[in-house]
Amino acid sequence: MKPIRVSGASGIVLDWLVASIVKTCPAIYLAPLQFIKCHAENRFNYCELWEQGGPIFSEAKISASIDDSGVWIAWCQYNYADEKRFMQSGPTELVAKARCYVAMNLGLAVVVPEDL
């Protein structure tokens, strides 16, 4: 296992992190080799396929907008000072929302399998 920052997670690693939170993903599929196979079959591809990631991030009430430089910013929840919480960025809306989803559920630093 290796520690990473959520802000730098992408691709299969980010999809694995989302899958580890989503209750519809059976634990057997979280084994790195099994997950890689499923990911190649476009299963558990939350960061690229709207039909997979979109409903999850909508249910979590994650909002997003694009800044002037073309970077997507995603956030969810506001605190009492009306400040955005769990804010994350990414090159696409789905990546930014996935990072935000992972940050709000697992924290800003996570541990992932070396094999991913």
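1. Contact, in this note, means heavy atoms within 4.5 Å. The model under review is a predicted one. By that criterion Leu17 touches Ile4, Ala9, Val102, Leu106, Val110 and Val112, not counting residues up to four places away in sequence. Leu17 lies in helix 1, and its relative accessibility is 1%, so Leu17 counts as buried. The chain also brings a remote position to this place: Leu17 and Val111 are 94 residues apart along the chain, yet their C-alpha atoms are separated by 9.1 Å.

2. The surroundings of Leu17 invite a look at its helix as a whole. How many residues of helix 1 are buried? Helix 1 spans residues 11-21 and is mostly covered, with eight of its 11 residues buried. These are Val13, Leu14, Asp15, Trp16, Leu17, Val18, Ala19 and Ile21. They pack against strand 1 (2-5), helix 2 (32-40), helix 3, helix 4 and strand 5 (109-112).

3. The packing of helix 1 on helix 2 deserves a separate point. Two packed helices are described by the angle between their axes and the distance between the axes. For helix 1 and helix 2, the axes come within 11 Å and cross at roughly 105 degrees. Angles of 65 to 115 degrees count as roughly perpendicular, and helix 1 is therefore roughly perpendicular to helix 2. On the side of helix 1, the residues that meet helix 2 are Ile12, Asp15, Trp16 and Ala19. Their partners in helix 2 are Phe35, Ile36 and His39. By class, this contact comprises five nonpolar residues, one polar residue and one charged residue. Asp15, Trp16 and Ala19 also appear among the buried residues of helix 1.

4. A second helix pair is formed by helix 3 (residues 50-59) and helix 4 (residues 93-106), whose axes come within 10 Å and cross at roughly 45 degrees. What name does this arrangement of helix 3 and helix 4 receive? The two helices are oblique to each other, and their crossing is left-handed. Helix 3 contributes Trp50, Gly53, Gly54, Ile56 and Phe57 to the contact, while helix 4 contributes Glu93, Leu94, Lys97, Ala98 and Tyr101. The contact has six nonpolar, two polar and two charged residues.

5. Within helix 3, the buried residues are Gly53, Gly54, Ile56 and Phe57. Their cover includes helix 1, strand 2 (62-66) and helix 4. After helix 3 comes Lys61, whose phi is positive, near 60 degrees.

6. Lys97 may surprise a reader who expects a charged residue to be exposed. Is Lys97, in helix 4, buried or exposed? Its relative accessibility is 10%, and since buried means under 20%, Lys97 counts as buried. Leaving aside residues up to four places away in sequence, Lys97 touches Trp50, Phe57, Ile62, Ser63, Ala64 and Ala74. Trp50 and Phe57 belong to the contact that helix 3 makes with helix 4.

7. Aromatic rings form another theme. A search of the whole structure finds four aromatic pairs. One of them joins Phe35 and Phe44, whose ring centres are 6.0 Å apart and whose planes are at 15 degrees, a stacked arrangement. Why is the pair of Phe44 and Tyr46 tilted? The centres of these two rings lie 6.4 Å apart and their planes stand at 40 degrees; planes under 30 degrees apart would count as stacked and over 60 as edge-to-face, so the pair is tilted. Together, Tyr29, Phe35, Phe44 and Tyr46 form one aromatic cluster.

8. The accessibility of these cluster members can be stated as well. Phe35 has 0% relative accessibility and therefore counts as buried. Phe44, at 11%, counts as buried too, and Tyr46 is likewise buried. Phe35 is in addition one of the residues of helix 2 that meet helix 1.

9. The last point concerns the backbone of the loop between helix 2 and helix 3. Most residues other than glycine have a negative phi. Which value does phi take at Asn42? It is positive, near 60 degrees, and Asn42 is found in the loop between helix 2 and helix 3. Phe44 is found in that loop, and its phi is also positive, near 60 degrees. As for accessibility, Asn42 has 40% and so counts as partly exposed, whereas Phe44 is buried.

Methods: Residues numbered from 1 in each chain as written. Predicted model: local features only at pLDDT ≥ 70, side-chain atom pairs only at ≥ 80, totals over all residues. Heavy atoms only, no water. Axes fitted to C-alpha atoms, helices over the stretch in contact; angles between N-to-C directions. Helix = DSSP H or I, 4+ residues; strand = E, 2+ residues; numbered from the N terminus. Parallel < 35°, antiparallel > 145°, perpendicular 65-115°, else oblique. Left-handed = near helix turned anticlockwise from the far one by under 90°. Nonpolar A, V, L, I, M, F, W, Y, C, P; charged D, E, K, R; others polar. Phe/Tyr/Trp six-rings, centres within 6.5 Å; stacked < 30°, edge-to-face > 60°. Buried < 20%, exposed > 50% of the residue type's maximum accessible area, 1.4 Å probe, protein only.
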